Amino acid sequence: MAPCGCNRPLRSARFGPGIPAPRIAGACAAHRERVCWSLNPLPMQTTEPGSPRSADTPVQFLKGIGPRRSEILAAHGIRTAGDLLHHIPFRYEDRTRFRSTVGIRPEEWVLVRGEVCGVGGSPGRRPGFSVFEMLVRDQRGTLRVKFFNQPYLRRVYQPGVRLVLYGQVKRDPYAHGAPVLMNPECEILDEDGEGIHSGRVVPVYRRLGDLKSRALRLILHGVASGLPPEVPDGLPSWLVAKLRLPPKAAAIRQLHFPVLASRRPEEREREMGLYNSGTSPAHKRMMFEELFQLQVAIRMVREGRVRQVKERAVRLDDRVRTAIKKILPFHPTEAQKRVLGEIAADLCSRHPMSRLLQGDVGSGKTIVAAQAAVIAVENGFQAAVMAPTEILAEQHFFYFRRLLEPLGYRIDLFKGSLRSKEKRGARERLERGETQIAIGTHALVQESVRFHRLALAVIDEQHRFGVVERNLLREKGQRPDVLVMTATPIPRSLALTLYGDLDVSVIDEMPPGRKPIRTVWLDREERPRALEAIDRTVRSGHQAYVVYPLVEETEKSDLRAATEAAAELGGTVFPQYRVGLLHGRMKGEEKEETMRAFAAGEIRILVATTVVEVGVDVANATLMVIEHSERFGLAQLHQLRGRVGRGAARSDCILVGDVGRSAEARRRMDILCETNDGFRIAEVDLELRGPGEMIGTRQSGIPAFRYANLLRDRRALEIARIEAEGFVTMLRERPDAECRRVAAMIREQWKEHFGPALT
Ligand code: ADP
Ligand code: MG
């Protein structure tokens with residue numbers, strides 16, 4: 001019989017086409033709505049003090065939360081009842097089946113319900129140490145329970161108190177090894193025998209500061225049970241019906257205090273499995289809402305952009321074409337030509353460009369950006385190029401100068417470490433329009449930097465920037481065309497959904513003559529072989545990098561490792577070669593000088609931290625040695641390796657690392673030795689780390705998902721994409737009240753993330 005009490009057959013609820021659907025707990029055909037409520041025994045008293053009036057109710061007004069706790073929660077970004085409800089359990093325990101006290105064995109985890117029938121205990125032998133002991137009786141027998149150093153419990157657990165205990169049974173060394181529960185979880189039952197921490201499927205929360213799972217459970221029980229029957233839904237009602245999703249309020253309550261549909265142990269176990277893997281119908285509903293909203297928001301951004309019109313004319317006539325060709329030091333690849341064509345068309349179109357240029361490390365994105373800049377400048381406008389590190393910005397600066405100064409362009413560098421007089425000069429030239437191209441770090445987006453007529457904003461290695469910086473640069477001009485470039489190879493399927501607000505161009509071809517980088521992996525003991533390889537490389541007239549990881553927390557010691565290695569290599573191992581050191585803590589001029597000397601071939605061996613990860617381009621360097629390679633992620637290793645293999649000579653990469661017993665680290669090394677294909681590596685990275693890690697907020701401007709897992713939920717993502725498409729069309733052509741309501745919610749939800757673009 002269904003839990004609602006009617007005897008209609010249970011209908012299985014489909015989650016959506018193509019998604020294998022677990023049954024929604026007891027949704028009977030006739031009483032869908034009602035069942036969902038009766039599923040959940042939590043009382044619905046919205047008037048109860050401390051119950052949230054709305055999702056915006058600040059946490060300090062909630063029951064169980066005082067000023068100290070609300071501070072802890074705020075430190076975790078939880079400010080409102082709604083935020084708190086998103087702190088979902090990471091695990092659930094089925095504590096419905098009570099164990100009889102008869103025949104209990106040591107090591108067993110037990111849930112026992114009974115009544116205190118005797119108490120005792122002693123102050124203990126050592127001062128300040130005490131034992132409180134009680135005997136709990138159920139219908140069939142008794143169980144001994146001990147608590148240490150909690151003398152006040154004597155007042156709480158008095159004979160006659162009914163309670164539930166949960167814990168692991170131990171042998172009591174002071175009672176000839178008899179079974180005893182030591183410091184179990186305990187809950188006193190009210191008159192009806194109802195409990196929050198037992199007798200149900202119990203949520204286990206990740207602790208927040210001092211707030212442990214149990215305290216959170218209590219608080220969230222209050223919040224979840226005070227939830228009104230209808231909460232604002234981020235999905236349109238027709239979609240909820242179509243996909244047969246549980247109503248939002250019900251899903252939220254199920255997430256925190258699930259009530260399983262079945263009583264049969266094996267069925268319950270299966271359902272528990274769904275909850276514990278985050279794939280219960282309730283989880284899926286929240287996950288789908290998240291994906292749908294992101295997809296809609298992305299499309300809104302895009303539509304908003306398409307509606308915008310640029311008030312400038314850019315033409316690609318013969319004069320401009322000649323200028324573009326003139327700067328080329330080599331023949332562009334077919335891919336480069338195609339991509340430039342796509343960009344040029346955008347530049348000439350009436351609507352602002354928002355384009356992602358993807359291309360593996362070394363595929364030659366920079367020259368394409370330079371050509372795009374020429375188009376802008378030849379039409380009388382300015383261009384900006386923003387890079388994530390000073391080293392990269394400087395390198396672009398020299399590269400652009402070499403290419404473009406013959407055309408008579410004025411190019412200026414903007415970076416934090418400039419003297420204020422230099423900065424002022426550069427700013428004034430830029431504002432007056434004397435500078436055609438501004439290259440820099442995020443110093444470019446500072447308020448004091450103003451352009452005369454910015455038409456093109458290029459953002460290199462965009463995975464290092466957030467959407468915020470992208471938008472700030474965008475605001476420096478009148479609807480400038482934006483080109484973001486990245487070598488972070490995101491599998492295409494994901495790129496299209498994640499960067500749906502951008503058009504995507506891909507350079508899928510390497511410049512001619514490139515030979516694949518040979519990669520080997522050496523154990524720590526085999527490190528001398530890496531030194532031999534360095535020697536061979538330098539003797540043949542080439543140069544080598546030796547890279548050390550720099551992890552923030554241990555920065556000092558890592559820095560020391562790199563510094564010492566440089567001293568050792570230069571002092572004792574290779575006294576005959578000039579060895580340079582490069583790290584992020586060096587002064588701008590020092591860095592510049594080191595990079596110049598390395599590019600000029602004066603420094604033969606460059607010991608560096610990961611500051612060389614992106615963009616550094618010295619074609620004569622043909623060997624990359626990566627120390628402690630087990631500490632780098634796959635994408636990062638691929639980026640680092642991309643510093644070599646930039647010329648016609650064959651290049652090598654040596655990974656020195658101790659993978660220990662980590663199968664994952666071993667797999668990383670293996671895949672790098674196996675292939676140079678960034679996309680293949682990205683797929684493996686995705687498998688190993690999950691997309692949450694690979695495309696974290698900071699890295700890509702893609703929000704960290706609360707419920708969705710882009711790898712696991714690919715199919716749902718596809719459905720969300722299609723539904724979002726339909727939704728946006730409807731919003732544009734014939735929006736009804738429901739459509740407008742959801743659109744407003746989505747705008748509100750995502751406005752911070754997408755900035756003014758989301759209109
Ligand atoms: P990335 O895409 O990683 O930013 P770069 O733009 O730094 O790559 O280019 C890598 C190297 O390849 C540079 O030295 C560049 O001059 C060179 N290069 C780019 N395109 C070509 C080409 N079509 N033919 C020969 N060399 C090229
Ligand atoms: Mg680059």
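1. Is Arg217 buried or exposed in this structure? The model is a predicted one, and in it Arg217 is buried, because its relative accessible area is 2%. A reader new to the structure may find this residue a useful place to begin, since several of the points below return to it.

2. Arg217 forms a salt bridge with Glu185, and the closest N and O atoms of the two are 3.5 Å apart. The pair links distant parts of the chain, for Arg217 belongs to helix α5 (residues 213-225) while Glu185 belongs to strand β7 (residues 185-188), and their positions lie 32 residues apart in the numbering. The partner of Arg217 has another kind of setting: Glu185 is partly exposed, with a relative accessible area of 28%.

3. This pair also belongs to a wider arrangement, in which Arg91, Glu93, Arg95, Glu185, Arg214 and Arg217 are linked in a network of salt bridges. For the structure as a whole, a search finds 51 salt bridges, and two more of them are described in the next two points.

4. In helix α21 (residues 663-674), Arg668 and Glu664 are 4 residues apart, which is about one turn of the helix. Their side chains meet in a salt bridge, with an N to O distance of 3.3 Å. Arg668 counts as buried because its relative accessible area is 12%, under the 20% limit, whereas Glu664 is partly exposed at 33%.

5. Helix α25 (residues 714-733) holds the pair Glu718 and Arg721, which are separated by about one helical turn because they are 3 residues apart. The side chains of Glu718 and Arg721 meet in a salt bridge at 2.8 Å, N to O. Here Glu718 is partly exposed, with a relative accessibility of 35%, and Arg721 is likewise partly exposed, with a value of 25%.

6. Turning to the ligand, which residues are the closest to ligand 1? They are Gly362, Lys365, Thr366, Arg514 and Asp617, out of 18 residues that surround ligand 1. Sorted by class, this shell has 6 nonpolar, 7 polar and 5 charged residues.

7. Particular atoms can be named in the surroundings of the ligand. A polar side-chain atom of Arg514 lies 2.6 Å from an oxygen atom of ligand 1, and an N or O atom in the side chain of Lys365 is 2.8 Å from an oxygen atom of ligand 1. From Ser363 the approach is made by the backbone, with an N or O atom 3.5 Å from an oxygen atom of ligand 1. The protein covers 87% of the 570 Å² of accessible area that ligand 1 has on its own.

8. On the surface, Tyr152, Val156 and Ile188 form a nonpolar patch, and together these residues have about 250 Å² of accessible area. Val156 is found in helix α4 (residues 153-156), and with a relative accessibility of 36% Val156 counts as partly exposed.

9. Two loop residues deserve a separate look. Thr435 lies in the loop between α14 (420-432) and β12 (437-440), where it is buried, with a relative accessible area of 0%; the side chain of Thr435 makes a polar contact with the side chain of Asp412, at 3.1 Å. Arg97, in the loop between β1 (91-95) and β2 (109-122), counts as exposed because its relative accessibility of 53% is over 50%. The C-alpha atoms of Arg97 and Val110 are 9.1 Å apart in space, and the two residues are 13 residues apart in sequence.

10. Where do backbone angles call for a second look? Most residues other than glycine have a negative phi. Asn183, although not a glycine, has a positive phi of about 45°; Asn183 is in the loop between β6 (178-182) and β7 and is partly exposed, with a relative accessible area of 40%. His628 is also not a glycine and has a positive phi of about 50°. The place of His628 is in the loop between β20 (621-626) and α20 (634-641), and at a relative accessible area of 23% His628 is partly exposed.

How values were computed:
Residues are numbered from 1 along each chain as its sequence is written. Chains are lettered from A and ligands numbered from 1 in the order in which they are written. This is a predicted model: local features need pLDDT of at least 70, side-chain atom pairs count only at pLDDT 80 or more; totals for chains, interfaces and linings use all residues. Side-chain values use heavy atoms; hydrogens and water are left out. A residue is near a molecule or strand if one of its heavy atoms lies within 4 Å of it. A polar contact is a pair of N or O atoms within 3.5 Å; within protein, one must be able to donate a hydrogen and the other to accept it, and residues adjacent in sequence count only if both atoms are side-chain atoms. Accessible areas come from the Shrake-Rupley method with a 1.4 Å probe; for residues, only the protein chains shown count as cover. Ala, Val, Leu, Ile, Met, Phe, Trp, Tyr, Cys and Pro count as nonpolar, Asp, Glu, Lys and Arg as charged, and the others, Gly among them, as polar. Patches are made of residues with over 30% relative accessible area and no salt bridge: like charges are joined within 9 Å, nonpolar side chains (Val, Leu, Ile, Met, Phe, Trp, Tyr) within 5 Å. A salt bridge is a side-chain nitrogen of Lys or Arg within 4 Å of a carboxyl oxygen of Asp or Glu. Buried means under 20% relative accessible area, exposed over 50%, partly exposed in between (1.4 Å probe, protein chains only).
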